[in-house]
Amino acid sequence: MDLLTSPADMRAWSAAASQDGARIGFVPTMGALHDGHLALVDEARRHADVVVVSVFVNPLQFDVRADFDRYPRPIDDDLARCREAGADAVYAPTAAVMYPDGFGTHVEPGRLAEPLEGLHRPGHFRGMATVVTKLLAAVRPDVAVFGQKDAQQLAIVRRLVLDLDLGVDIVAMPTVREADGLAMSSRNRRLTPEDRSAATCLWHGLNAAQTLARAGEQRQDALLGAARTPIDAEPRARLEYLELIDPATFTPIDAGRGNEGLMVVAAWFGEIRLIDNLPLS
Ligand code: AMP
């Protein structure tokens with residue numbers, strides 16, 4: 001497995017792979033890799049001949065400085081996990097390489113980036129869209145795999161690739177969960193044991209809404225109520241938003257079409273913010 005740390009080295013690696021006729025798959029991450037990330041690597045392998053994983057904690061997409069400072073960075077473990085997962089290269093540039101003095105260009109996503117995460121994390125999607133564009137420019141993949149766990153990010157990336165003619169196939173990977181339903185996340189390791197166990201209320205809420213929708217319930221209010229009950233019952237959870245949205249626009253779905261919606265949630269447990277979502281159909 002090769003380790004690349006500059007855009008020029010990354011481009012040269014990819015140019016050589018392409019020249020050999022290899023189709024390049026790409027999995028962008030912020031490291032602290034868990035089984036959810038590794039499922040993305042497996043998926044990339046199904047769509048490509050060689051797989052590149054990037055590990056970069058992007059300062060531009062953090063709206064809260066402390067969250068950036070405390071984000072886990074176990075780079076040696078991450079390299080070992082990538083090697084075990086069969087990645088062909090890891091691209092791990094430093095922030096100074098990505099954003100040298102004089103850096104001044106940003107990618108501004110459109111309306112999809114306004115609600116939900118965009119509202120609660122100002123600048124987050126602008127930072128994400130900027131780094132994804134830079135990573136795609138360095139790796140030049142044929143296909144890139146993103147997790148449904150970050151559903152709004154995935155929708156914005158699809159739009160970005162279309163709008164800027166980037167010519168990369170975007171593949172979505174369903175959310176990988178712990179045995180008790182909690183969506184895997186690099187932030188889970190920062191939860192206290194009490195908050196870790198409380199955090200399963202998000203899954204219980206999403207699952208209750210999906211069960212109700214599958215039983216024929218279509219009313220938005222009833223589905224939101226079912227999702228809300230287990231979260232309201234958990235005193236350690238501080239709900240930031242719970243919405244039933246149209247996955248095409250990320251705005252609230254029409255009242256009678258609730259069962260076609262995507263239930264999205266963000267909540268705080270102590271100082272850790274978690275997000276999750278589940279399609280109800
Ligand atoms: P992150 O390192 O959190 O920026 O995530 C990197 C990629 O992994 C993104 O495309 C995420 O959506 C995806 N991802 C994170 N957690 C999961 C999960 N539990 N299941 C599937 N994909 C995930």
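These are my notebook entries on the sheet, the helices and the nonpolar cores of a predicted model.

**The sheet.** I looked up the strands and found an open sheet of six, in the order 1-4-3-2-5-6, with parallel pairing. Strand 1 (2-4) and strand 6 (169-173) stand at the edges, and each has a single partner strand, so one side of each is left without a neighbour in the sheet. I also noted that neighbouring strands are turned by 25° against each other on average, when direction is ignored. Looking at one pairing, I found that strand 2 (residues 24-29) and strand 5 (residues 143-147) run parallel and are joined by two bridges, and that G25 stands opposite V143 in strand 5.

**Helices on the sheet.** Helix 2 (residues 35-47) lies across strand 2, strand 3 (50-55), strand 5 and strand 6, and runs at about 150° to strand 5. Helix 4 (residues 75-84) touches strand 1, strand 3 and strand 4 (89-91), and its direction makes about 165° with that of strand 3.

**Helix against helix.** How do helix 1 and helix 7 lie to each other? I read an angle of about 50° between helix 1 (residues 7-19) and helix 7, with their axes 7 Å apart; angles from 35 to 65 degrees count as oblique, and the two helices are therefore oblique to each other. On helix 1 the contact is made by P7, M10, R11 and S14, and on helix 7 by A137, A138 and V139; I sorted these residues into five nonpolar, one polar and one charged.

**The cores.** The largest nonpolar core has 45 residues, and M10, W13 and F250 are among those with the most contacts inside it. Helix 7 (residues 124-139) gives the most to this core, with nine residues. Apart from this core I found another, of 26 residues, including C201 and M263.

Key:
Residues are numbered from 1 along each chain as its sequence is written. This is a predicted model: local features need pLDDT of at least 70, side-chain atom pairs count only at pLDDT 80 or more; totals for chains, interfaces and linings use all residues. Side-chain values use heavy atoms; hydrogens and water are left out. A nonpolar core is a set of buried Ala, Val, Leu, Ile, Met, Phe, Trp, Tyr and Cys residues joined through side-chain atoms within 4.5 Å. Buried means under 20% relative accessible area, exposed over 50%, partly exposed in between (1.4 Å probe, protein chains only). Helices (H or I, at least four residues) and strands (E, at least two) are DSSP runs, numbered from the N terminus. Axes are lines fitted to C-alpha atoms, for helices over the stretch in contact, and angles run from 0 to 180 degrees between N-to-C directions. Angles under 35 degrees count as roughly parallel, over 145 as roughly antiparallel, 65 to 115 as roughly perpendicular and the rest as oblique. Contact means heavy atoms within 4.5 Å. Ala, Val, Leu, Ile, Met, Phe, Trp, Tyr, Cys and Pro count as nonpolar, Asp, Glu, Lys and Arg as charged, and the others, Gly among them, as polar. Two strands pair if DSSP finds at least two bridges between them.
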